[in-house]
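Here is a friendly walk through one protein chain, from its overall build to a few residues that a database record points to. Have the sequence and the 3D view at hand as you read.

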Amino acid sequence: MHEIILCKLGEVVLKGLNRHSFETKLMSNIRRRTQKFGKFKIYSRQSTIYVEPVGDGCDLAGAYAACKQVFGLIAIARAVPCEKSKEAILETAKAYLGDSLRKAVSFKVESKRADKSFPMSSIQISQWVGGMLHDAFPHLKVDVHTPELTVYVEIREDAAYVHAPAEPAAGGLPLGMGGSALSLLSGGIDSPVSSYMMAKRGVVLEMLHFAAPPYTSDLARQKVLRLAQELTPWCGRMSVHIVPLTEIQEQIRKQCPEEYFTLITRRFMMRIADKLAKEFDCRALITGENLGQVASQTMEALRVSEDVTDLPVLRPLIGMDKEEIVRIARHIGTFDTSILPYEDCCTVFTPRHPKTKPHVEEVREIESVLDIEGLVSRAMEQREVVKVKL
């Protein structure tokens with residue numbers, strides 16, 4: 001039986017005159033994600049993208065799982081095409097969904113007639129196919145409200161398609177349609193989630209991680225690279241720029257008041273992020289900051305940290321609570337890695353009583369004793385780049 005994958009478009013359909021470019025990018029992304037599972041013909045018609053195996057040897061299950069993680073698709077289903085006749089639709093439903101129909105207690109048929117030249121209405125198709133399936137599987141009870149199994153019939157331009165309920169897909173916009181941004185990736189729960197959420201809006205990511213050897217271990221570094229790897233099924237291949245922060249943090253500890261350690265460290269992080277983002281033509285910075293979660297994430301503290309960049313700072317988690325963030329982390333597969341107990345640079349030299357309501361002018365004055373340009377330049381010179389692929 002010749003199965004294919006039907007990929008339903010999400011908000012791409014609302015893009016008006018720009019819709020074609022979004023669909024083209026989406027098909028390109030699907031093609032890239034499915035290529036390791038065999039050769040597929042990928043084309044778009046009537047708000048649906050078709051992923052059709054070409055020849056034998058295609059891993060349809062692998063391609064299906066990959067398509068579920070492609071941003072821009074709202075739902076996907078495995079389906080079987082057949083001739084556009086009620087008899088062919090019935091026989092296809094019996095053959096393709098026979099096992100499910102035998103196991104179910106209740107069912108209904110739901111039809112969609114995109115081809116208006118088909119001689120039966122959607123309701124007539126559902127009634128006829130449903131009645132004949134009930135005759136073929138007499139143990140089934142018809143339940144149009146809460147059926148255990150729904151048989152879907154779609155009458156489209158080229159063929160009719162029969163499938164079981166579609167599964168939710170990634171949603172959002174096609175990766176690459178939202179420009180590019182630099183995401184600050186720590187080893188915690190929040191930053192991988194914020195990276196995922198901006199990729200869901202079509203943003204291609206460059207990743208920046210700060211290390212502080214010997215205060216942070218190689219295990220912490222490996223943890224972050226593992227998080228990046230776990231993001232690739234959603235965000236695509238990426239580069240992780242690892243920048244040492246040790247000298248900067250030691251100089252801050254020697255020359256600045258303790259309650260300002262974290263604030264000034266964050267300003268250095270944003271300076272380096274700004275410099276790196278502009279080098280790679282990224283149009284924004286992304287952080288996992290969440291209002292009020294820690295002392296450096298008050299409104300005043302956020303204002304102080306973003307003072308050193310003229311790029312937009314995107315904070316997709318800013319109004320979320322921790323349970324929401326954890327739920328997304330579990331969904332995207334980063335949570336278990338995020339909670340591994342390896343320290344990152346944010347926990348180095350943590351002040352006992354951090355400043356929560358700082359003023360930009362006072363922080364500028366306090367950090368003026370530091371060789372800011374020299375510290376940033378030396379950190380950038382020592383950076384390491386790790387390519388992470390699917």
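## What counts as buried

A residue is called buried when its relative accessible area is under 20%. Please keep in mind that the model you are looking at is predicted.

## The chain as a whole

The chain holds 390 residues, and 53% of them are buried. Its secondary structure comprises 14 helices and 15 strands. Measured out along the principal axes, the box filled by the C-alpha atoms is roughly 85 × 40 × 35 Å. Among contacts with a separation of 6 or more, 79% join residues 24 or more positions apart.

On the outside, the chain exposes about 18100 Å², with 52% of that supplied by carbon and sulfur atoms. It carries 51 positive and 49 negative charges, and the mean positions of these two sets are 4 Å apart.

## The annotated binding site

An unreviewed UniProt entry lists seven positions under "binding site": Leu 184, Leu 185, His 209, Phe 210, Arg 266, Gly 288 and Gln 297. Let's take a look at two of them.

Phe 210 is found in strand β11. It counts as buried because its relative accessible area is 5%, which is under the 20% cut-off.

## A closer look at His 209

His 209 also lies in strand β11, which covers residues 204-211. With a relative accessible area of 5%, His 209 is buried.

Which backbone oxygen does the side chain of His 209 reach? That of Leu 185, at 2.8 Å. Leu 185 is itself on the UniProt list. Beyond neighbours within four places in sequence, His 209 is in contact with Leu 185, Ser 186, Val 224, Val 240, His 241, Ile 242 and Val 243.

Terms used:
Residues numbered from 1 in each chain as written. Predicted model: local features only at pLDDT ≥ 70, side-chain atom pairs only at ≥ 80, totals over all residues. Heavy atoms only, no water. UniProt positions renumbered as here; feature names shortened; annotations may be inferred. Helix = DSSP H or I, 4+ residues; strand = E, 2+ residues; numbered from the N terminus. Buried < 20%, exposed > 50% of the residue type's maximum accessible area, 1.4 Å probe, protein only. Contact = heavy atoms within 4.5 Å. Polar contact = N/O pair within 3.5 Å; in protein donor to acceptor, adjacent residues only side chain to side chain. Areas by Shrake-Rupley, 256 points an atom, 1.4 Å probe, with all protein chains shown as cover. Lys, Arg positive; Asp, Glu negative; His and termini not counted. Charge placed at Lys NZ, Arg CZ, Asp CG, Glu CD.
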